[in-house]
Amino acid sequence: MVDVKRRSLLAGIAALPAVGCTELAETQAARSVFDTAEGWHRAAHRTLAGRQALAREYAPEDRSPDIRGNGSLTVDTPEYRAQLASGFADWQLDVRGLVDNPMTLSLDDVRALPQRAQITRHDCVEGWSAIAEWTGPQLSHLLDAARVREEANFIVFRCADNLNGSDYYESVDMVEAYHPQTIVAHRLNGEPIPEKNGAPLRMRIERQLGYKHAKYLTAVEAVASIDDINGGKGGYWEDRGDYQWYAGI
Ligand SMILES: Nc1nc2c(c(=O)[nH]1)N[C@H]1C(S)=C(S)[C@@H](COP(=O)(O)O)O[C@H]1N2
Ligand SMILES: [Mo]
């Protein structure tokens with residue numbers, strides 16, 4: 001028996017090249033997307049948009065005159081103040097979790113990787129947008145270098161700031177993590193990222209709403225499940241019940 005939801009998803013999948021729809025439909029992975037409404041929404045979105053569809057990129061003259069800061073505008077610790085004063089000479093980015101080769105990168109290491117620059121629009125769920133150029137290595141380079149294991153299903157982003165007693169964090173699935181426009185940014189409009197926008201490192205995840213773009217990034221962690229992390233909903237705002245985990249635009 002093929003129910004209605006399943007039939008329409010199969011119609012979408014049939015449009016994708018290389019994979020027979022029957023074959024794909026019979027895998028556990030395909031079946032499990034029908035278990036939850038959110039899973040269904042996510043799968044349908046991915047199927048219709050194409051798993052590698054790019055977010056729109058803009059011309060330099062489209063850039064907004066001012067990129068406001070939102071949420072945390074600094075990290076309120078003596079350690080962060082000292083880092084800021086030293087130009088983040090000792091900042092460390094850990095790549096850890098379900099990886100065969102855990103790494104700790106300095107800012108110089110991050111700058112030495114192949115770079116991607118993209119002029120994109122940031123959309124905050126609170127109802128404002130801003131277009132800017134962001135530069136940094138693709139997250140996929142870091143994940144490949146760390147050799148992420150098969151069991152990993154999510155990438156968690158750890159941040160230095162604490163809001164109302166909880167550390168800010170976010171997470172995405174592997175499709176989003178390996179998307180070509182998912183970068184670890186260290187430049188905003190050609191300059192080091194300002195304090196209010198997440199210095200020295202912040203995620204850009206261009207097909208997702210603003211709250212996914214973790215600022216003050218300290219670690220990238222591969223995990224099998226997000227259930228046991230903080231509130232179990234995969235992010236600071238998600239744990240509060242304010243916003244959904246899947247924030248596709
Ligand atoms: N660490 C951290 N990352 C964060 C936030 C935050 O408060 N702390 N706020 C999020 C939200 S809601 C938005 S809209 C963007 C804002 O980015 P901006 O300050 O560069 O405008 O960062 C996101 N990432
Ligand atoms: Mo936001």
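## Exercises: ligand 1 and its surroundings

In the shell around ligand 1, S5 is the top contributor, giving three residues. Keep in mind that this is a predicted model.

**Exercise 1.** Find out which residues are closest to ligand 1 and describe the shell by class.

*Solution.* Start with the count: 21 residues surround ligand 1. The closest are Arg68, Asn70, Ser72, Asp161 and Lys215. Now sort the shell by class: you get eight nonpolar, eight polar and five charged residues.

**Exercise 2.** Look for side chains with polar atoms close to ligand 1, using a cut-off of 3.5 Å between N or O atoms.

*Solution.* Begin with the nitrogen side of things: a nitrogen atom of ligand 1 lies 2.7 Å from an N or O atom in the Asp161 side chain. Next, go to the oxygen atoms. Asn197 has a polar side-chain atom 2.9 Å from an oxygen atom of ligand 1, and for Arg202 the distance from such an atom to a ligand 1 oxygen is 3.0 Å. Then check the cover: on its own, ligand 1 has 540 Å² of accessible area, and the protein covers 99% of that.

**Exercise 3.** Work out where ligand 1 sits and which elements give two or more residues to its shell.

*Solution.* Pocket first: ligand 1 sits in the second largest one. The elements you're after are strand S3 (116-124) and strand S5 (154-163).

**Exercise 4.** Decide whether Asn101 is buried, partly exposed or exposed.

*Solution.* Locate Asn101 in the loop between strand S1 (93-97) and strand S2 (103-105). Its relative accessibility is 30%, so Asn101 counts as partly exposed. Finally, compare sequence with space: Asn101 and Asp144 are 43 residues apart in sequence, and their C-alpha atoms are 9.5 Å apart.

Definitions and conventions: Residues numbered from 1 in each chain as written. Chains lettered and ligands numbered in written order. Predicted model: local features only at pLDDT ≥ 70, side-chain atom pairs only at ≥ 80, totals over all residues. Heavy atoms only, no water. Near = heavy atom within 4 Å. Polar contact = N/O pair within 3.5 Å; in protein donor to acceptor, adjacent residues only side chain to side chain. Areas by Shrake-Rupley, 256 points an atom, 1.4 Å probe, with all protein chains shown as cover. 1 Å grid on protein atoms, 1.4 Å probe; cavity = no way out; pocket = protein on both sides within 12 Å on 5 of 7 lines; lining within 4 Å. Sits in = over half its atoms within 2 Å of the grid points. Helix = DSSP H or I, 4+ residues; strand = E, 2+ residues; numbered from the N terminus. Nonpolar A, V, L, I, M, F, W, Y, C, P; charged D, E, K, R; others polar. Buried < 20%, exposed > 50% of the residue type's maximum accessible area, 1.4 Å probe, protein only.
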